[in-house]
There are 2 protein chains.
Amino acid sequence: MHAPPVQRLITELSKLPGVGGRTAQRLAFHLLRSSDEDAFALAEAIREVKLKITLCEVCFNLADGPRCRICQDARRDPELICVVEEPADVISIERTHEFGGRYHVLGGALSPIDGIDPEDLKLEELYARVTDAAHPVREVVIATNPTTTGEATALHIAGGIRRLAPDVVVTRLASGLPVGADLEYADELTLGRAFAGRRAV
Amino acid sequence: MHAPPVQRLITELSKLPGVGGRTAQRLAFHLLRSSDEDAFALAEAIREVKLKITLCEVCFNLADGPRCRICQDARRDPELICVVEEPADVISIERTHEFGGRYHVLGGALSPIDGIDPEDLKLEELYARVTDAAHPVREVVIATNPTTTGEATALHIAGGIRRLAPDVVVTRLASGLPVGADLEYADELTLGRAFAGRRAV
């Protein structure tokens, strides 16, 4: 139906998450209508990100050099490490402006069903950081997702750190009602967590 | 917050229609996670489409040569022309397998508010085709959208053809209830059209 170059673009666009055939066609026609300059800028940005972005050698966050911007920043507390699943989680936490430490990006969560075992995550690298006598760590905040796989990963990490570095404090992000939520519509697991984690006013 | 190449990619992606900042970030992280091969294939497909696709010299549909596949196809009836607003409309009509003629893509619809006047559309080129003694035309089906601008464009074209080539039959796509619709929820304009255009059973 389409000319081959148009069909190829639609095929490639429909590989993106959340983009079906109709949306891919709409995006392709948009790119056809837009200026050469805009379309080439997008193509070049895709190439550039794949050529220039690597993982930070310390924390495995995205970086455009050997170390990410946070690991390069001397003002960030090196004794406080926040463990997350994905680089996108670093961005979410940075947006809160509540955390002044460093990160450790696991690259996923334990999920035996999907074939993701401890050796597929950056766990050994985390334990090496936590036990490095030259750079002591005070606290590890585990910020994996509050999902089955995220919780399993958190328990696994907490056990590992307790065994290898018993002096390091291990904490987990609070689970409870999201701000602005309505008790009436809260699911029972979340509401249960909110009770279990209640605080003095 | 992001490394500059990541930020550039997010900025370029958020220029796409229906893609906000959050979606752009999700797409960017997807491209970072996907293989170099997949990401480069998308970048190359975008470049290729801009470099290779032009407008057909006859009907102004998308083409990867001087003429589009439909204008090259000798089996398509050259005496029957369907007028549409955009190249995407050609694809929609081809999917029905109901039309065996040729197309004429206007490149939009008349909309004085948006500054789109008759000279911004491929109207002169349509009139030239309709009045070309060497290639007679029997019927022109006007398939502009059933919107204010599409209807205005249809009336404008019908008037033009009547003036220049009174022997050419000019038709308009039927307007009425979409298949599978529910009368209870049909808007009054559509239901009115359905009555006006009722047919003998």
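A salt bridge, for my purposes, is a side-chain nitrogen of Lys or Arg within 4 Å of a carboxyl oxygen of Asp or Glu. I looked up A:Lys50 with that in mind: it forms a salt bridge with B:Asp36, and the closest N and O atoms are 3.8 Å apart. Across the interface of chain A and chain B, the rule finds four salt bridges.

Notes on the model: it is predicted, so I kept in mind that local features need pLDDT of at least 70 and side-chain atom pairs count only at pLDDT 80 or more, while totals for chains, interfaces and linings use all residues. Residues are numbered from 1 along each chain as its sequence is written, chains are lettered from A and ligands numbered from 1 in the order in which they are written, and side-chain values use heavy atoms, with hydrogens and water left out.

Next, the interface. I found 49 residues of chain A in contact (heavy atoms within 4.5 Å) with 49 residues of chain B. The buried area (accessible area, 1.4 Å probe, that two parts lose on being put together, summed over both) is about 4900 Å², and carbon and sulfur atoms give 71% of it. A:Met1, A:Ile46 and A:Lys50 supply 14% of the area that chain A buries against chain B, more than any other three residues.

Then I checked symmetry. Chain A superposes on chain B (least squares on the C-alpha atoms of residues with pLDDT of at least 70 in both) by a rotation of 180° with 0.0 Å of shift along its axis, RMSD 0.1 Å. That is the relation of a two-fold axis. In chain A, the C-alpha nearest the axis belongs to A:Ala43, 2.1 Å from it.
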